[in-house]
Amino acid sequence: MSSSRSRVLPLASAVLAGMFFLSACNGDDEAAQAAAEATSALELQQGTAQENGANMSTGDLAVAAAPAVAAVAPKPVLRKWVQLSASSAGDLDPVVINGKKFTLYRFDKDSSNPSRSNCAGDCATTWPPYLVARDGRVFIDGIDKSKIGFIERDGGFQVTVGGWPVYLFSKDTAPGDTKGQGVGGVWFGVTPDGGKAQGGGSSAGGTAAQPSQQASPTSDPADNVTVFAKTNFLDASQGISGPGCQNVRFDGSLQTGGGFVKVWDSPDCTGNSKFVEGDVPDLLGDTGFQNVQSVRFFN
């Protein structure tokens, strides 16, 4: 799915029932007027879609609106209504979710001032922009209405939170999934004020038991680690170093030289996560994971 944009117009909404406060990126009156005209049919309302009597088989709840379905759709999916709720998903708290409880994400390579998306083409296939139709309805549940805005895109509008364009993740297949958290070190769940949600990922529905995590490491970040195929530092080994996320082949045991890293149970630092410090003779036993497949360095 190619997701291009013909005109990007950042807005800041201070809206109830169709009244809009709109700001252009450069404060230009002509741009602000164009933005106002483009969004004049949008309707913003406080509360949930259900509370506002929306058709519960459309909008975020439509089959085509699910992330995995939207990713392979022949054209961008413009929702008749969207709902933005301040909530939690997995161990992300707070994070913004939509009306179907799918996590919404922000992209570090975008910009918030002015609001601009830099995710198109293949990127927008993996990360479908969260779009509402030009005459759609927008329900705001527990979020300051001044944080919600839009950029014009694909015949409709991409929602922004705190100025950041927001997206779904095609690999989130069940409500509550947070598989996009931390991907590539640039994708994060978006908080109600547009910030980056903190925490690791979760399994489908966010209901699986999460391994315990330290509130914060007590040592310095490790520069490199050695992972072993078996417990107690035996058999084949693999040495890796940072920065950022690195995938690993082994998960029997791990040596950090006294520092800390964060380990993940899926490749590319997605899924469940836990900080580990020092030498860990039984990595799976310490984390409670079935596998450790990637490590993130903080040096």
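Is Asp93 buried or exposed? Asp93 is exposed, because its relative accessible area comes to 57% and anything over 50% gets that label. Keep in mind that this is a predicted model.

**View 1. The whole chain, before zooming in.** Here we have 299 residues, and 48% of them count as buried. The fold is built from four helices and 18 strands. If you take the contacts in the chain with a separation of 6 or more, residues 24 or more positions apart account for 67% of them. On the outside, the chain exposes about 12,600 Å², with carbon and sulfur atoms supplying 48% of that area.

**View 2. Asp93 and its surroundings.** Asp93 sits in strand 3, which covers residues 92-97. Set aside the neighbours within four places in sequence, and Asp93 is in contact with Ser87, Ser88 and Gln198. Gln198 is worth a second look: Asp93 and Gln198 are 105 residues apart in sequence, yet their C-alpha atoms are 7.0 Å apart in space.

**View 3. Ser85 and its polar partner.** Now over to Ser85, found in strand 2. Ser85 counts as buried, because its relative accessibility is 4% and the cut-off is under 20%. The side chain of Ser85 makes a polar contact of 2.9 Å with the side chain of Asp141. Not counting residues up to four places away in sequence, Ser85 touches Val95, Val96 and Ile97, along with Asp141 and Ile143.

**View 4. The largest nonpolar core.** This core has 20 residues. Those with the most contacts inside it are Leu84, Leu104, Tyr130, Val138, Ile148, Phe150 and Val159. Four strands each supply at least two residues of this core: strand 2 (79-89), strand 7 (131-141), strand 8 (148-153) and strand 9 (156-161). As a rule of thumb, nonpolar side chains in soluble globular proteins tend to be buried together.

**View 5. Zooming in on Val159.** Which residues is Val159 in contact with, leaving aside its neighbours within four places in sequence? The list runs through Val82, Leu84, Tyr130, Ile148, Gly149 and Phe150, and then Trp164, Pro165 and Val166. Of these contacts, Leu84, Tyr130, Ile148 and Phe150 are also named, like Val159 itself, among the residues with the most contacts inside the largest core.

**View 6. Another core.** Apart from the largest nonpolar core lies another one, made of 16 residues. Among them are Val225, Phe250, Val263 and Phe297.

Methods. Residues numbered from 1 in each chain as written. Predicted model: local features only at pLDDT ≥ 70, side-chain atom pairs only at ≥ 80, totals over all residues. Heavy atoms only, no water. Buried < 20%, exposed > 50% of the residue type's maximum accessible area, 1.4 Å probe, protein only. Contact = heavy atoms within 4.5 Å. Core = buried A, V, L, I, M, F, W, Y, C linked by side-chain atoms within 4.5 Å. Polar contact = N/O pair within 3.5 Å; in protein donor to acceptor, adjacent residues only side chain to side chain. Areas by Shrake-Rupley, 256 points an atom, 1.4 Å probe, with all protein chains shown as cover.
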